[in-house]
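Walk through this structure from its enclosed spaces outward. The strands come next, and the open pockets come last.

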Amino acid sequence: MTGWQISALGKIEKINITEMLDDVDSAKVKLTRTLLTEEDVSLYTGEEKGKYPVIPGRMAVGQVTELGSPVPYFEKGTRVVLSPVKPCGKCYHCAGGDPRECYDFSVAGKNSAGFLKDFAVIKTADIFPLPQSVKDNEAVYTDYIALALSVIDKLDIEKGQHVAIFGGSVFGSILAQLIIYYQGVPILIDEDEEALLRAKKSGVYYTLKSSTKTEKEVLSLTGGRAVGKVAFLTRSGLPTDLAFKVAAPSGKIAFAGYSFPNVKIPLGIALSKQLSTVSVTNGYGNFEPAINILANKAVDLSGYTLPLTKMDDIEASVANMAECYKAKQPVPSFMINMLS
């Protein structure tokens, strides 16, 4: 089998992999689409600390080609999406029967092998069948949807409640659309006007460009009240103090993302307003609801379709992502056609 690994700081290379299907609870999956994101390039550039070598790629879809033993809901050829996270099974929460709160998740592309390879051998508990109505190019965003559902759960958003979202990436847009789906009222904030326009075209009707006037603009949208719930995307690049300023006294702020680069909390504002904070780093347990969201067309991803990259162009594409990352420019994700 073939894969690509980050073997050292700033170096990605093609490798041969041997993965044997020797477990009755596992399946061999031919990957068809793999998505590389800013998280992968942060590891490549060294901003995100990790242990090399590691195969990147947290999000992927594919087809089952072989099963360790017969499974009622799988057969050869079943299209599946792969979960990137697995609880450790050993920590206090896992031992207590609450793996959602695991201290030490295994994460594909970070501290375990990711999905930038042509085949993956994976536990059947970590793959989920896809309905025919869900296309591969949409299914690669399942993990973002699962993460957004975890944010909504943690914030405990009520019907009609305003929620400020700091970060207009595809994940921010998905989160905003899902808050609308659950009858909340999102206010999406970002510096990138193009990102806000894409979100607006996807049905997010309250969007604000981040500025010194943001606090007042939020108040005008909420009838003079600050927002009780705030979601701050950790890779948004926006100032955290603004998120704390728009939060109402005794409000709740969720820091959401796969990692937390240079996130600083304005403790004075948090204490004076008696704000509470939570962190949301994965969508474990929400993959099946996320697939239902896609099947029901509850989110519009038409504005976020990415051109397919051939496997031969992976190294050049990662290098291009790294240049944008180092220049503090928006980092374009890219989708690889693993059949090319």
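The second largest cavity has a volume of about 40 Å³. Keep in mind that this is a predicted model. The wall of this cavity is made by Ile-6, Ile-12, Leu-36, Asp-40, Val-41, Tyr-44, Pro-56, Val-318 and Met-321. Two elements, H1 and H11, each give two or more residues to that lining. H1 supplies the largest share, 3 residues. By class, the lining of the second largest cavity has 8 nonpolar residues, no polar ones and 1 charged.

How many cavities of 30 Å³ or more are there? The count comes to 2. The largest cavity has a volume of about 110 Å³. Its lining consists of Glu-39, Asp-40, Ser-42, Leu-43, Glu-48, Arg-58, Val-107, Ala-108, Gly-109, Lys-110, Tyr-258 and Ser-259. Asp-40 is therefore a wall residue of the largest cavity and of the second largest cavity, since a lining residue has an atom within 4 Å of a point of the space. H1 again gives the largest share of the lining of the largest cavity, with 4 residues. The classes here are 4 nonpolar, 3 polar and 5 charged.

Go now to strand S1, residues 2-8, where Gln-5 is found. Is Gln-5 buried or exposed? Gln-5 is buried, because its relative accessible area is 15% and the cut-off for buried is under 20%. Look at what surrounds Gln-5. Leaving aside neighbours within four places in sequence, Gln-5 is in contact with Lys-11, Ile-12, Glu-13 and Ile-15, among others. Its contacts also include Pro-53, Val-54, Ile-55 and Pro-56. Ile-12 and Pro-56 appear among these contacts, and Ile-12 and Pro-56 also help line the second largest cavity.

Next, follow strand S11, residues 185-190. S11 is mostly covered, with 6 of its 6 residues buried. In a regular strand the side chains alternate between the two faces of the sheet. In S11, Val-185, Ile-187 and Ile-189 point one way. Pro-186, Leu-188 and Asp-190 point the other way, and all are buried.

What joins S11 to strand S10, residues 162-166? The two strands run parallel and are joined by 5 bridges. Ile-165 stands opposite Leu-188 in S11. Between S10 and S11 the chain crosses through H5, and this β-α-β crossover is right-handed. S11 also pairs with strand S12, residues 207-209, in the parallel sense over 3 bridges. In S12, Thr-207 is the bridge partner of Leu-188. Leu-188 thus has a partner named in S10 and another in S12. S11, H6 and S12 make a right-handed β-α-β unit.

Another stretch of parallel pairing centres on strand S14, residues 247-256. Why is S14 described as largely enclosed by the rest of the structure? The reason is that 7 of its 10 residues are buried. S13 and S14 pair in the parallel sense over 6 bridges. Leu-233 has Ala-256 as its bridge partner in S14. The chain gets from S13 to S14 through helix H8, residues 240-246, and this β-α-β crossover is right-handed. S14 pairs with S15 as well, in the parallel sense over 5 bridges. Here Ala-254 has Val-278 as its bridge partner in S15. S14, helix H9 (residues 267-273) and S15 make a right-handed β-α-β unit.

Finally, turn to the pockets. The largest pocket has a volume of about 1600 Å³. Of its 46 lining residues, Glu-38, Arg-235, Ser-236, Pro-330 and Val-331 lie nearest its centre. The elements giving two or more residues to this lining are H1, H4, H5, H6, S13 and H11. H6 gives the largest share, 3 residues. The lining divides into 20 nonpolar, 14 polar and 12 charged residues.

The second largest pocket holds about 520 Å³ of space. It is lined by 21 residues, and Arg-100, Cys-102, Phe-105, Thr-281 and Asn-282 lie nearest its centre. H4 and S15 are the elements that give two or more residues to this lining. Its classes are 8 nonpolar, 6 polar and 7 charged.

How values were computed. Residues numbered from 1 in each chain as written. Predicted model: local features only at pLDDT ≥ 70, side-chain atom pairs only at ≥ 80, totals over all residues. Heavy atoms only, no water. 1 Å grid on protein atoms, 1.4 Å probe; cavity = no way out; pocket = protein on both sides within 12 Å on 5 of 7 lines; lining within 4 Å. Points joined across faces, edges and corners; volume = space filled by probe spheres on them. Nonpolar A, V, L, I, M, F, W, Y, C, P; charged D, E, K, R; others polar. Buried < 20%, exposed > 50% of the residue type's maximum accessible area, 1.4 Å probe, protein only. Contact = heavy atoms within 4.5 Å. Pairing = 2+ DSSP bridges. Right-handed = clockwise from strand over helix to strand, strands pointing away.
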